[in-house]
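Biologist: Could you walk me through this one? I have some questions ready.

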Amino acid sequence: MTEITAALDEQGANELLDLAIAALGTQSTGGSGSLGPFLATYSIQGTLTNGDVDLIPPDTIRIVDLRLDWDLDLQFGVDLSSMLPDFCLPQVCVDVPCVGEVCTPTICIDWPTITVPVSFGDFLETTADFKLDISLVGGTWKVQAVVVGVPSLQFGPSSAALLLAIGAAATPILLAVPFIGPFLAIAVDAILAAIAVAGVTGFLGPIITPFVSGLKIPLYEQPQQFVVLPAAGPVDPKVDITLDQVSAAVAHNAPEDELVLSVDISP
């Protein structure tokens with residue numbers, strides 16, 4: 001039998017999710033990826049902001065317009081050897097009296113990889129479906145919302161400008177390369193133009209979507225055993241209770257849907 005029941009309507013659930021998502025704070029990660037023929041290492045930070053909560057019985061919490069603001073620090077590598085032909089100084093041999101043939105060494109130019117730093121930021125909005133997950137961990141009951149689906153995901157309008165930001169950062173660095181700088185700048189700009197928006201989405205998607213696709217939002221946490229009333233004297237000892245079972249669901253209680261938490265207790 002359920003001894004304690006708490007319920008929130010959609011407005012209350014929205015306020016709860018506002019607080020819970022804000023408590024997650026700024027999250028960060030890093031790694032490497034490919035943007036067309038170029039390799040890049042990155043570090044990224046993201047902060048989530050709650051959208052509009054829609055409670056869908058029997059167990060789905062849908063958040064519409066869940067927003068992720070992200071900032072990306074990118075180290076973009078331009079491998080010149082992939083753009084320029086190998087170049088070697090020819091070997092020269094001469095006959096030296098009393099010594100014989102003497103040859104100069106073969107000298108080849110090893111084209112370096114030029115690193116271009118780029119900082120860029122935008123936002124992403126998504127609709128995400130969550131299920132309620134309940135567990136007893138180390139003597140503490142925990143209820144969290146775990147994402148199980150992302151029906152829609154939309155990058156902000158500025159994300160497509162990442163290619164422009166890379167080009168703007170790369171051009172002055174490449175132009176400074178003696179003799180061949182203008183050629184390199186033109187070549188990189190042409191490659192970036194060929195990558196287009198689909199390439200940017202393919203690059204950003206695996207970096208940014210884990211902030212949403214792996215999301216877990218803590219909603220409730222309570223020790224299984226705790227003191228309800230402290231001792232008030234020798235004849236009034238403290239009162240302890242045990243939370244034997246905790247369950248949560250999305251229920252329709254006319255005229256609205258509610259997020260319901262039920263608790264079974266024993267002394």
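Biologist: Which residue is the bridge partner of V246 in β15?

Modeller: Happy to help, and keep in mind that this is a predicted model. Strand β14 (residues 239-253) runs antiparallel to β15 (residues 256-266), and 11 bridges join them. In β15, the partner of V246 is V263.

Biologist: Thanks! Which strands stand at the edges of that sheet?

Modeller: The open sheet has 4 strands with antiparallel pairing, in the order β1-β15-β14-β13. An edge strand has a single partner, so one of its sides is left without a neighbour in the sheet. That applies to β1 (4-9) and β13 (225-229).

Biologist: And what angle does the direction of helix α1 make with that of β1?

Modeller: Helix α1 (residues 10-23) packs on the sheet, where it touches β1 and β15. Its direction and that of β1 make an angle of about 90°.

Biologist: Now the salt bridges: how far apart in sequence are the parts that K131 and D59 tie together?

Modeller: A search of the whole structure gives 3 salt bridges. In the one between K131 and D59, the closest N and O atoms are 3.0 Å apart. K131 belongs to strand β10 (residues 113-137) and D59 to the loop between β4 (52-56) and β5 (60-79), so the parts tied together are separated in sequence by 72 residues.

Biologist: Is D129 buried or exposed?

Modeller: D129 forms a salt bridge with R62, with 2.6 Å between the closest N and O atoms. Buried means under 20% relative accessible area. D129 has 12%, so D129 is buried.

Technical notes. Residues numbered from 1 in each chain as written. Predicted model: local features only at pLDDT ≥ 70, side-chain atom pairs only at ≥ 80, totals over all residues. Heavy atoms only, no water. Pairing = 2+ DSSP bridges. Helix = DSSP H or I, 4+ residues; strand = E, 2+ residues; numbered from the N terminus. Contact = heavy atoms within 4.5 Å. Axes fitted to C-alpha atoms, helices over the stretch in contact; angles between N-to-C directions. Salt bridge = Lys/Arg side-chain N within 4 Å of Asp/Glu carboxyl O. Buried < 20%, exposed > 50% of the residue type's maximum accessible area, 1.4 Å probe, protein only.
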